[in-house]
Every structure is written in C-alpha cells, then in structure tokens.
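Trainee: I am new to this structure and would like a close look at one stretch of it. Please take one residue as the starting point and tell me what surrounds it.

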Amino acid sequence: LAQERSWLGEVLCWLHQVARSLSTPHLARAPRQGIMSHRKFERPRHGSLGFLPRKRTKHHHGKIKSFPKDDPSKKPHLTAFMSFKAGMSHIVREVDRPGSKLHKKEVAEAVSILEAPPMMVVGFVGYVETPRGPRALTSVWAGHLNDEVKRRFYKNWYRAKKKAFARYQKRWEAANKEGTPMQAEIERAKKYCQSIRAICHTQVGKAKIGQKKAHIKEIQINGGSTADKVDFVMGLFEQEVKLESVFSQDEMVDVLGATKGKGFEGVVTRWGVTRLVRKSHRGLRKVACIGSWHPARVQFQVPRSGQRGYHHRTEINKKIYRIGKNLKDDPKNALTEQDGTEKAITPMGGFPHYGEVNEDWVMIKGSVMGARKRVITLRKSLLPQVSRRACEKVELKFIDTASKLGHGRFQTSEEKAKFYGGGAAKKARKEEAEKAEA
C-alpha cells in the first residue's frame, strides 16, 4: 500500500510539471499551422500630420518661402517667374537613359502647359541679415507704374482717385533732371544690404484670364556682389523680363501654388480613415472613438471633417520639356522634327476653361496644382540636380493638339477640313485666302 501511494505521488508530480510547462508561453510548443496566433493591435495612422493645418490658404498666388543659395561667382539673375495654368496635353518622346529597359524606346507622357507673358520689374527691396532673419532696410520703386499694378493697391478701382505713386512720380522726374533719382537709397542698399529682391508684376492683360489687376511678387536676385545686384535690377526697371531669360529647356524647377478647392469634406475622404461596419449606429463614415475621457479635449491628431483643397503646396523637381515663344514670333511653336505639321500649342477648340495661348509658354512634365487660370510660380531648384533624369536631354517627337473636349480625331482644323470636305474645306480655303491678302 505504501509503495502504491509513492508511485501515485510521482505520477501526480509529473502531471503537475507538464501542466505548468503548457501554461508558460515560452515553454509551450509552437502552434500548428492553420491555427490563428494573435491579431494585430497596431497600424500606421490615417493621413499625414505634415500638412496641418488643413485650411484654406491665405497665399492665393503662392508664397516663395525660400530662395536658392546665392553664389557670388555667377552673374546676377532672377530666381523665379510667374505664369498661368492653361491646361494639359501629352507628348511622345524617345527615352535617352542607357542601361534602362526604356532606353531608345518611345514613351507617351502627360505634360502641363503654363502661359507665361513677360513680367515687368517695377522696384527692388534691400534686406539685411539679423539674428531673427532678414529685415527690409530700404526699397526703391520705378518712376512710372502701369495701371495694372496700380489696380492692386485699390479695392475698388473705378471709384478710386487713382493717386497712388503720384507724388513719388513727381519727385522721381524732378530728381531725374538733376541726376540719378533715389540715389541715397540706392547707395544705402549697396552699402548695407546682403540680399536684393526685385519687385515684379505679371502683365495680366496679355493672358486672357478675365482679370485686370496684376499679381505682384518679390523675386530674389542671385549672383555677383550686392552692388552688381542693385545695378542689374536698376537696369531692368520698367523693362519686360521674358521666361527664356530666367529658365532653360531640360532644367529642373520647383512649382508653387494653391491646389483646387474641394469644400467641406468628411473624415473618410479628408483623412482616408476606414468606414465602420454596415449596421453601425448613426452612420458609418465616421471616426468611432475620438479620444479617451482624459485629457478632456479632442487632440489635434484625431481626424475630423473640414476643409479639403485650396491648400498652399510646393512641388519640387519638375522638368521643363519646352519653352515656347508667342504666336507673333513663332506661329508654329508646337512643331517638332519628326512631326512636320505646322501648328501652335493651343489645341483645337482651345484649352477647356482657358482659351488660346498667344503669349510665351512653358511645358512641364506631369501635373501642376490648382485650377486653370490660376497663378503658378516657377522657382529655380534649391538642390544640385545631378540625377540621370535631371541631366537627361529631352527631344520631343510629337505634341498633341487634338481637341480636349472629345476623343480628338484631328490635330488641326485644316486636317479636319480635308477629311470632311464640303463647307469645311471652303471655309479653310477662305481663311487661307484672307491670310494671303493680309
């Protein structure tokens, strides 16, 4: 009986050890395949916090928050240019990228067309460096200002007395007879200032966007000494600055502007949160829990409904595919070596919600933020562009100018008239005869 009891105790002890090993996680055996181990309790958050606050911008025409680093060894030059978004098209080109699978192959790419009439320089501002950043020391304006730029100083132009800069203009003319006007301020800028920014405005009347009030912006001048910069900008007073004097083809630029406004949106669209289950109470396009009891407020990281779109954005590294001249200088500005069709960049029927592009224009790869007719600022890149894509030479084989309102069968009105014949052909012949007479 004693032997049986001792044997039974050993068995019970062994069973107790087995039970302990099974209940301890690190001693337990690995689960068989097909049995769920554990669920995920973590995931990345929905929506980026880097774009807060998501509200309508007050910089409607794009604010240049930083300019490229100045290099005194180069000649003085402007670092940005203002343009207007016209629309999009597509091009065909041959890729020049040795080693890539696309090398020597044709690709079709989407491009944006920005109309860029020449800007006018009407003044400059001199800045001195302080421990709290640059401070404006002095400013000099030109002797004559256009009505387009004067309109910017008034809320209601037709009721205004239009006296802006009238006294300044008289002083400028009086000083001009004796010597150089504003000489004291010019010398002060040369002596004390570290950076010079030109005051430029768009010639908004040349771009047919239904506006008469010019857009004014300060654009930094880089290169040379401060005296060189001041002399350079004084030489540009009341002069037109063309796009081709600031940027060149195949250059990488940064694009600044305000995105398209979308109005008030919910959390699913605005932040990309997951919808709740179908039977959830009081709607399902919501955030289920907006935070704990304490802290007794909604934290800023929690997705909430509100404004979407019309945000200020800066997009870097956009490649310039072509800089085109105005219709007067080059009526065949969409011509390529491979495509001999004589045509301008404006598609048949015009760009939707914009119209015709008659002034200088720039073609940029990909999309650009904002609605049509909106001011888009191009800025020189802040980074040294050494990548293969940045250094690639672009040669366009074909630029699409078919209608953007349908399927777009024809590239020019002559091609359409030739295809249909009849009245369209007569109309085309009549237009050609009128051109020949003119």
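Mentor: What follows starts from one buried arginine, goes on to a loop residue that comes after it, and ends with a helix for comparison.

The model is predicted, so local features are given only where pLDDT is at least 70 and side-chain atom pairs only at pLDDT 80 or more, while totals for chains, interfaces and linings use all residues. Residues are numbered from 1 along each chain as its sequence is written, and side-chain values use heavy atoms, with hydrogens and water left out.

The starting point is Arg 379, which belongs to strand E14, residues 375-380. Strands (E, at least two residues) and helices (H or I, at least four) are DSSP runs, numbered from the N terminus. Arg 379 has a relative accessible area of 4% and is buried; buried means under 20%, exposed over 50%, and partly exposed in between, with a 1.4 Å probe and protein chains only.

The side chain of Arg 379 has two polar contacts to describe. A polar contact is a pair of N or O atoms within 3.5 Å; within protein, one must be able to donate a hydrogen and the other to accept it, and residues adjacent in sequence count only if both atoms are side-chain atoms. One contact runs to the side chain of Asp 254, at 2.7 Å. The other goes to the backbone oxygen of Ser 66, at 2.8 Å.

Apart from neighbours within four places in sequence, Arg 379 is in contact (heavy atoms within 4.5 Å) with Ile 64, Ser 66, Thr 79, Ala 80, Phe 247, Val 253, Asp 254, Leu 256 and Thr 314.

Further along the chain comes Leu 382, in the loop between E14 and helix H7 (388-391). Leu 382 is partly exposed, at 37% relative accessibility. Residues up to four places away aside, Leu 382 touches Ser 66, Phe 67, Pro 68 and Asp 254. Ser 66 and Asp 254 are also in the contact list of Arg 379. Leu 382 and Pro 68 lie 314 residues apart in sequence, yet their C-alpha atoms are 4.7 Å apart.

For comparison, consider helix H5, residues 226-235, whose buried residues are Thr 226, Lys 229, Val 230 and Val 233. These residues lie on the same side of H5, because they cover an arc of only 95 degrees around the axis; the arc is that of the directions from the helix axis to the C-beta atoms. In an α-helix there are 3.6 residues a turn, so residues three or four places apart point the same way.

The buried residues of H5 pack against strand E4 (119-130), helix H4 (183-192), strand E6 (195-201) and strand E7 (216-222). H4 and H5 have axes 7 Å apart and pack at an angle of about 145 degrees. Here axes are lines fitted to C-alpha atoms, for helices over the stretch in contact, and angles run from 0 to 180 degrees between N-to-C directions. On the H4 side, the contact is made by Ile 186, Ala 189 and Lys 190; on the H5 side, by Thr 226, Ala 227, Val 230, Asp 231 and Met 234.
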